[in-house]
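Here is a short report to read alongside your viewer. Please take a look at the chain before reading on.

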Amino acid sequence: MNVAVLCANGLGDGLLMMIIATNFSKRGHTVTLFHNDFSVLSPLFPNTAHKKYPDIKDFHHTFKEYDLLLVENDNSDKAWELIRLRKEGKLDNITFLFPTPCKKAEDKRDYTFNPKLPVATNLEIASKRLLQFKEASKCNGITLDEGLISRRYKNRVVLHPTSKDPKRNWKKEQFVKLAHRLQEDGFTVALALSKEERKGFEDCKDFLMPKFESFKELASYIYESGYLIGNDSGLGHLASNLDVPTLTISGNPKRVRLWRPDWCINKVVTLKCELPNFKGIGFRFRESYWQNFISVSRVYKQFNKLIGTHDS
């Protein structure tokens, strides 16, 4: 069977949807992954065929050639166009994976995630159900170069203090305070930053700031590190995928319950109760102030619990 796996555009989405792509490949199906930025990830998945999305107006022509489309619903224009094409009977080969409940879901062929389980586990369950394949797993086939040693530098902690969405970021000064506490405990701290992000951290000369020529180089560096601490972002999924213990900081308890990393052991520090947003007056309190409700001490304590859980 010729199968297309259609992802949302985040790098974390690409890593996660490779779970279902890999399980279908193991069952002998020919799989093509559609993701506009997968070329960044493709060196980690050298045997995966991938393409960019066509223009929306070409969806029907492009996707009718496949026996099955497995679509991660991200509420984008692309997803809604595919929902429309299925409803109108123009593409009857679509199965949607709904991270959250949707009225457009069809019980007999779609899969709606269990909100109490992380996405990676949901994709494993979906694979077992869709393929009738008991041996389906969370393995996504990620591959690094030979010669690397898993967690070679156990005392090296990678901090990822940024993300694509600034509203998801714990404050820079909080990360810096945490980094100094980790150094006092004998850890080596490295900041994982892109070329553009480094400009905002030029004053952080007490920590390593390695430069990476590719995403694969970054992945290799994380693979040989002991831990990763970061915001709710794709690097947390990458670290977990590489069997590196991960601590995720998030201001959205509901979202992080579903989207937390879920390959290796992971701890989460989030709000003890969800903060309100006052949309009627345009005051998004939760998005603007959640960082003040997650202290450096809380994150530090949770990190020590992560160490005790993994390395005891």
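What follows covers the chain as a whole and then two residues in its loops.

This is a predicted model, in which local features need pLDDT of at least 70, side-chain atom pairs count only at pLDDT 80 or more, and totals for chains, interfaces and linings use all residues. Numbering runs from 1 along each chain as its sequence is written, and side-chain values use heavy atoms, without hydrogens and water.

**The whole chain**

Twelve helices and eleven strands make up the secondary structure (DSSP runs, numbered from the N terminus: H or I of at least four residues for helices, E of at least two for strands). The radius of gyration is 20 Å, close to the 20 Å that the globule rule gives for 312 residues, so the chain is as compact as a globular protein of that length. Here the radius is taken over C-alpha atoms, and the rule is 2.2 Å times the number of residues to the power 0.38. Along its principal axes, the C-alpha trace spans about 60 × 55 × 35 Å.

Of the 312 residues, 51% are buried (under 20% relative accessible area with a 1.4 Å probe, protein chains only; exposed is over 50%, and partly exposed lies in between).

**Two loop residues**

Neither of these residues is a glycine, yet each has a positive phi.

| Residue | Phi | Loop between | Relative accessible area |
|---|---|---|---|
| Gln-132 | about 50 degrees | α5 (119–131) and β7 (153–160) | 65%, exposed |
| Asp-243 | about 70 degrees | α9 (234–241) and β10 (246–249) | 45%, partly exposed |
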